[in-house]
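Welcome! Please take a moment with the sequence and the structure, and then read on for a short tour of a sheet and some of the helices around it.

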Amino acid sequence: MIGDQEAEHTVPRTEIQEIVSKISDLNKWRNVFSFHSLEISNSTHQQGNGSTGNGAPGAREPSGLQPQVPLPCSAIPEPLLISPDTGGRPISLEMAMELRKLLFGNVSQLFSCEWAKACFRFHEPYSDLAYALETEKGGTRAILMAVQAYIIKYLLFIRTTEYTHLERLCRVSHQEQGEALAAALADTLWAAGGGGRAVICLVTAAIYVVPSSNYKADNFTERIHLFEFTEKAAAQEFILGHINCFKDERSHGVILFLYSLLFSRTLERVQEDLDCTATPLLNCSFGNITCTQATLSLLLTGRASPHELDGSQELGPRGEGIEAGQQRGSVGYLRWSRAQAEQQVCPSLRTPRLPIWLCSITGRHSVLFGTDSQILSDWKRERVFHLYFYNGQLEQTKTACLTIEGLGFLDILFTCVSFSDTHSHHWEEDQSEDPSSPGKRRLSVEMAIRTKWAGATVSWNGTDPFF
């Protein structure tokens with residue numbers, strides 16, 4: 001009798017175990033398909049069930065929701081998808097819509113293929129341009145060159161190495177390239193977070209946002225997971241551990257960094273920085289998406305003010321503005337355009353703590369830097385010194401070395417006393433010259449340098465002048 005009772009209980013238990021095993025196998029296959037962006041909707045397996053499926057806690061995949069098939073240019077490579085169990089918190093529909101509004105001014109605009117493909121990709125290690133990021137023509141170059149400036153800062157003035165001067169930038173391994181990028185991204189995000197926080201955005205396999213009639217999905221933003229850090233070193237270590245999510249091809253690395261920048265600042269404070277204007281952070285014109293002055297300001301100062309770069313920033317609602325704008329950062333900014341020659345960059349950006357400048361020259365972005373950290377703190381070193389120029393174009397295969405012969409303190413004083421009544425500028429003389437006369441107009445790069453060192457002469461040291 002007892003044996004018969006045990007047999008009756010054994011059969012159901014065996015059937016239950018078999019069912020559980022099949023469910024487990026089914027979940028494994030669902031994870032595999034989800035990993036390849038072929039996620040099976042919960043409605044296929046759980047009709048009428050309100051379960052949230054296998055996504056991260058809080059992930060919502062309502063019945064009937066079918067993920068959109070991504071365009072080839074925005075496909076997410078397999079190795080760059082992280083597990084939802086990594087931690088952090090998923091993006092919400094409200095956050096995605098506010099993010100889109102700040103960037104484009106509406107919730108229907110999507111990033112172009114050019115932006116979707118952009119990532120932080122270095123030149124070959126141990127080469128003349130081992131420190132340098134490869135860039136394409138277009139709106140992403142501004143962000144890439146801004147990060148490039150912070151990469152140079154790390155390699156020249158922070159990294160511990162036996163190499164000196166320009167060798168510090170050429171003798172860089174593949175591992176050190178990743179370390180430099182992680183340090184640069186963390187440095188920028190930490191400044192945007194006010195020196196107290198950094199938020200890093202990565203992409204998961206699960207979809208967290210349900211597209212609405214007003215929001216157009218891109219199959220990328222809807223997968224964002226946010227990781228917040230209150231220690232800069234921890235944020236930098238986390239970025240380094242997921243560095244392929246920013247530097248591998250087709251990783252959406254530039255967009256991920258831009259998202260991280262906005263969330264580090266917080267979307268509310270970015271809106272305050274914009275002074276409640278309707279001007280978005282990105283300018284869309286004839287299919288081209290470019291960065292505005294507010295975006296450049298966020299990259300360089302940690303504040304997304306459209307007036308920060310020219311020094312006309314007024315005191316903001318949080319007490320930021322005039323006092324913050326007078327603080328010298330580690331990376332500066334130089335700008336030159338014949339059409340806007342009168343518009344000067346604020347003095348604190350023209351004279352940063354370190355000799356590294358993001359340059360906007362006739363609307364194109366590049367980096368100018370020196371290897372002597374004392375150039376900007378000792379006027380005697382500014383008589384004759386070297387600067388190096390990198391513009392990110394494919395045609396440039398070697399860093400250009402420029403010799404700058406500036407005016408000393410006594411020369412400047414004498415010039416001011418002798419010619420104070422004329423108040424003339426070199427660029428004004430250039431404008432009066434015949435545009436058809438070759439060689440009379442100074443190069444735009446040299447004019448950008450003169451916005452910092454008035455009257456300086458520039459030698460290209462045998463290199464054919466370019467840009």
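Two strands count as paired if DSSP finds at least two bridges between them. With that in hand, please keep in mind that this is a predicted model.

## A three-stranded sheet

Strand 1 and strand 3 meet that criterion: they pair in the antiparallel sense over two bridges. If you would like one bridge to look up, P90 has H225 in strand 3 as its bridge partner.

The sheet itself is open and is formed by three strands in the order 1-3-2, with antiparallel pairing. Strand 1 (89–90) and strand 2 are its edge strands, each pairing on one side only. Helix 8 packs on this sheet, where it touches strand 2 and strand 3, and the direction of helix 8 makes about 15° with that of strand 2.

## The two faces of helix 8

Which residues of helix 8 (residues 232–241) are buried? They are A235, F238 and I239. These buried residues lie on the same side of helix 8, because they cover an arc of only 100° around the axis. The face turned away from that buried side carries A233, E237 and G241, which are exposed.

What do the buried residues of helix 8 pack against? Their partners are two helices and two strands: helix 7 (174–192) and helix 9 (244–247), together with strand 2 (198–203) and strand 3 (224–229).

## Where helix 5 meets helix 10

Another pair worth a look is helix 5 and helix 10. Two packed helices are described by the angle between their axes and the distance between the axes. Here the axes of helix 5 (residues 141–157) and helix 10 (residues 253–265) come within 11 Å and cross at roughly 75°. Angles of 65 to 115 degrees count as roughly perpendicular, so helix 5 is roughly perpendicular to helix 10.

Helix 5 brings I143, L144 and V147 to the contact, and helix 10 brings V254, F257 and L258. Sorted by class, this contact has six nonpolar residues, with no polar and no charged ones.

## The chain as a whole

Stepping back, the secondary structure of the protein chain comes to 17 helices and eleven strands. How much of the chain is buried? Buried residues make up 48% of its 467 residues.

There is also a figure for contacts across the sequence. Taking contacts in the protein chain between residues at least 6 apart in sequence, 66% join residues at least 24 apart.

Key: Residues numbered from 1 in each chain as written. Predicted model: local features only at pLDDT ≥ 70, side-chain atom pairs only at ≥ 80, totals over all residues. Heavy atoms only, no water. Axes fitted to C-alpha atoms, helices over the stretch in contact; angles between N-to-C directions. Helix = DSSP H or I, 4+ residues; strand = E, 2+ residues; numbered from the N terminus. Parallel < 35°, antiparallel > 145°, perpendicular 65-115°, else oblique. Contact = heavy atoms within 4.5 Å. Nonpolar A, V, L, I, M, F, W, Y, C, P; charged D, E, K, R; others polar. Buried < 20%, exposed > 50% of the residue type's maximum accessible area, 1.4 Å probe, protein only. Arc of directions from axis to C-beta.
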